[in-house]
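Here is a quick tour of one model, helix packing first and ring pairs after that. Keep the viewer open as you read.

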Amino acid sequence: MSSVAPSRALPRAPRRIRTLDWRVRFGVLALIWGFSFLLIKVGTEGFAPFQVTFGRLLFGTAVLAVAMVIKRERLPRGARTWLHLSVAAFLLNALPFSLFAYAELTIPSTLAGICNATTPLWGMVLSLVALSEDRPSRVRAAGLGIGFVGVLTVLGAWQGFSGLDVTGTALALLASFSYAVGWIYVRRTLTGTGASHLSLAGSQVGLGTLQLAVVTPLFTSLPKSVEIVPLLAVIALGALGTGYAMLLQYGIVAEVGPTTGAMVTYFIPVIATAAGVAVLGEQLAWNTPVGAVIVLAGAALTQARAPRRPAGTLSPDQPTPAGAPAPTSPPASVAVTPQPVAPVPAAAQAVPAASPCP
């Protein structure tokens, strides 16, 4: 017989909700964002580009709004925060989403997916001007050069860009450039607002929806008939590629950190290319996959970080004036993004807001 006196039963510890392993969710996220370019292509077969963008933002907002209600998230406060979110919504959602939709009227989804991978390269170029504390090391500078060699390879520069739709390609590259500008803007303006990442992301995508709600009726007319396949593509693009994918990345970053979470960037063009060739039957010249590999290698190098140095030592790349504190490496990159999808450049690391989805 036990000598312990009987007592009231202790309360049971709450059960932890089991979720899928982060590696599985990582794979799902890469698939969703990789297929986003295919969904854009299919969506534009039945709707105008602005309508595709409006639809994806609308359904993406619906998913994020439900998540915010379930988690009892509050909306951000302050007119200044909402003004910055409006600009971020334009640069990270309304503008690049529309540009990709227009680009895919004339270029294959495979090329659009590869152009999307140039965002870290643009981010580094801009960081030289906009973020003086994020100066490049020699390795990152080399990555920038390698990355743009990859872009020229994809475009077939030695052939005079023959057979390439210049306008569509330029629009896709401009969309990636917009992502880079947007992330720098987010880092500079939305740090320390006190709002959660989910609240910022949901509000940003909602503002993007309002922007497209104003623009779309001005430049488009209602389609005479609605085809089911393009409609389903737009719904999936919004609900999965813009809403659910952002929730997935939010959870992955929270669990394993931003550096690992940002690695999804390098799987997106691979999946986009495979999807375009296998499902849409798009043609693929040898220079496209070779150039894509070079672009990704360069983009990876631009994200490299110099090792931290002991206090009081100076980086050879960052001379510090007398009396100034020793420089430290910036925080690891990423944010909870974005959509099709853009990689999160190192220059825009601090604030997880809505990411540049493809």
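Helix α3 passes helix α8 in a right-handed crossing, meaning that the near helix is turned clockwise from the far one by less than a right angle. In numbers, α3 (residues 79-103) and α8 (residues 197-219) pack at about 65°, and their axes are 8 Å apart. The axes are lines fitted to C-alpha atoms over the stretch in contact, with angles running from 0 to 180 degrees between N-to-C directions. Helices here are DSSP runs (H or I, at least four residues), numbered from the N terminus.

Who does the touching? On the α3 side the contact includes Trp82, Leu85, Phe90 and Leu92, and on the α8 side it includes Leu200, Val205, Leu207 and Gly208. Contact means heavy atoms within 4.5 Å. Sorted by class, the α3 contact with α8 has eleven nonpolar, seven polar and no charged residues. For that tally, Ala, Val, Leu, Ile, Met, Phe, Trp, Tyr, Cys and Pro are nonpolar, Asp, Glu, Lys and Arg are charged, and the others, Gly among them, are polar.

A word on ground rules: this is a predicted model, where local features need pLDDT of at least 70, side-chain atom pairs count only at pLDDT 80 or more, and totals for chains, interfaces and linings use all residues. Residues are numbered from 1 along each chain as its sequence is written, and side-chain values use heavy atoms, with hydrogens and water left out.

Next stop, helix α7 (residues 166-189), which holds Gly182. Gly182 has 0% relative accessibility, so it counts as buried; the cut-offs are under 20% relative accessible area for buried, over 50% for exposed and partly exposed in between (1.4 Å probe, protein chains only). Leaving aside residues up to four places away in sequence, Gly182 touches Leu91 and Leu92. Its C-alpha is 9.9 Å from that of Pro96, although the two are 86 residues apart along the chain.

Ser176 also sits in α7 and is buried at 0% relative accessibility. With the four-place neighbours again left out, Ser176 touches Phe100, Cys115, Asn116, Thr118, Thr119 and Trp122.

That brings us to the rings. How many aromatic pairs does a search of the whole structure find? There are eight, a pair being rings of Phe, Tyr or Trp (its six-membered ring) with centres within 6.5 Å; planes under 30 degrees apart are stacked, over 60 edge-to-face and the rest tilted. Two edge-to-face pairs involving Trp122 are set out here.

| Pair | Centre to centre | Angle between planes |
|---|---|---|
| Trp122 and Phe148 | 5.3 Å | 70° |
| Trp122 and Phe177 | 5.6 Å | 90° |

Trp122 is in helix α5 (residues 119-130) and Phe148 in helix α6 (residues 138-155), 26 residues apart. Phe177 belongs to α7, so its pair with Trp122 ties together parts that are 55 residues apart in sequence. As for exposure, Trp122 is partly exposed at 22%, Phe148 is partly exposed at 25%, and Phe177 is partly exposed at 29%.

Elsewhere, ring pairs link Trp22, Phe26 and Phe267 into a cluster.

Last, look at Thr288 in helix α12 (residues 287-302). Thr288 is buried, at 13% relative accessible area. It touches Ile114 and Val154, residues up to four places away not counted. Thr288 and Ile114 are 174 residues apart in sequence, yet 8.5 Å apart C-alpha to C-alpha.

Terms used
Helices (H or I, at least four residues) and strands (E, at least two) are DSSP runs, numbered from the N terminus.
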